Amino acid sequence: MMKKRNIWVLGGTGYMGSALIRHLSANPDNRLHILLNKRTPYRELEGFNTFSGGLAGVDKRWLDRYPPDTIFHLARPAGKYNFTRKAAAAYGNYLNRQFIRLVSGLRKKPVVVYVSGSLMYGNRPGSNPASE
């Protein structure tokens, strides 16, 4: 018998996040907890435990109540233009460091799968690629 797993998905409404949610929800042993931003199709996610507020609003009490076995982190701040992309990259870096401190304080350390887009680094010239 499989043990129920608490799986957190941060940024589960984008292109990759939506596909991940569909894949994970096919297994009834996965209990999904999804962090959502304000512009979310809530109707599609009614069967899951959802939290609103974005990466800046993650509350440790949520993690204590639903301790994650695995966290898929696809969340990122938005940025469309060069200046806003740079600002979003700096803010994303700050939020990720905050989240690392939050998760580091959990009694049981979860597996974290971080899926980053180029936005987290801002525009990068081909001669200076970002490394994970």
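In which sense do strand 4 and strand 5 pair, and over how many bridges? In this predicted model, strand 4 and strand 5 (residues 111-114) run parallel to each other and are joined by four bridges. Within this pairing, T70 of strand 4 has V111 of strand 5 as its bridge partner.

The pairing belongs to an open sheet of five strands, arranged in the order 3-2-1-4-5 with parallel pairing. Strand 3 (49-52) and strand 5 occupy the edges; each has a single partner strand, so one side of each lacks a neighbour in the sheet. On average, and with direction ignored, neighbouring strands of the sheet are turned by 15° against each other. Toward the strand 3 edge, strand 2 (residues 30-36) and strand 3 are parallel and connected by four bridges, and H33 has N49 in strand 3 as its bridge partner.

Two helices pack on this sheet. Helix 1 (residues 15-25) touches strand 1, strand 2 and strand 4, and its direction makes about 160° with that of strand 2. Helix 3 touches strand 1, strand 4 and strand 5, with its direction at about 175° to that of strand 4.

Strand 4 (residues 70-73) is covered on both faces. In a regular strand, side chains alternate between the two faces of the sheet. Here T70 and F72 lie on one side and I71 and H73 on the other, and all are buried. Strand 4 also pairs with strand 1 (residues 5-10), again in the parallel sense and over four bridges. In that pairing, I7 stands opposite T70.

Strand 1 also contains N6, which counts as buried because its relative accessibility is 9%, under the 20% limit. A polar atom of the N6 side chain lies 3.1 Å from the backbone oxygen of P67. Beyond its neighbours within four places in sequence, N6 is in contact with R31, H33, Y66, P67, P68, D69 and T70.

Across the whole structure, a search finds one aromatic pair. The pair is formed by Y91 and Y94, which are stacked, with 6.3 Å from centre to centre and 20° between the planes. Both residues belong to helix 3 (residues 82-104); because they are three residues apart, about one helical turn separates them. Y91 is partly exposed, with a relative accessible area of 39%, and Y94 likewise counts as partly exposed, at 44% relative accessibility.

Note on methods: Residues are numbered from 1 along each chain as its sequence is written. This is a predicted model: local features need pLDDT of at least 70, side-chain atom pairs count only at pLDDT 80 or more; totals for chains, interfaces and linings use all residues. Side-chain values use heavy atoms; hydrogens and water are left out. Buried means under 20% relative accessible area, exposed over 50%, partly exposed in between (1.4 Å probe, protein chains only). Two strands pair if DSSP finds at least two bridges between them. A polar contact is a pair of N or O atoms within 3.5 Å; within protein, one must be able to donate a hydrogen and the other to accept it, and residues adjacent in sequence count only if both atoms are side-chain atoms. Contact means heavy atoms within 4.5 Å. Rings of Phe, Tyr and Trp (its six-membered ring) pair if their centres lie within 6.5 Å; planes under 30 degrees apart count as stacked, over 60 as edge-to-face and the rest as tilted. Axes are lines fitted to C-alpha atoms, for helices over the stretch in contact, and angles run from 0 to 180 degrees between N-to-C directions.
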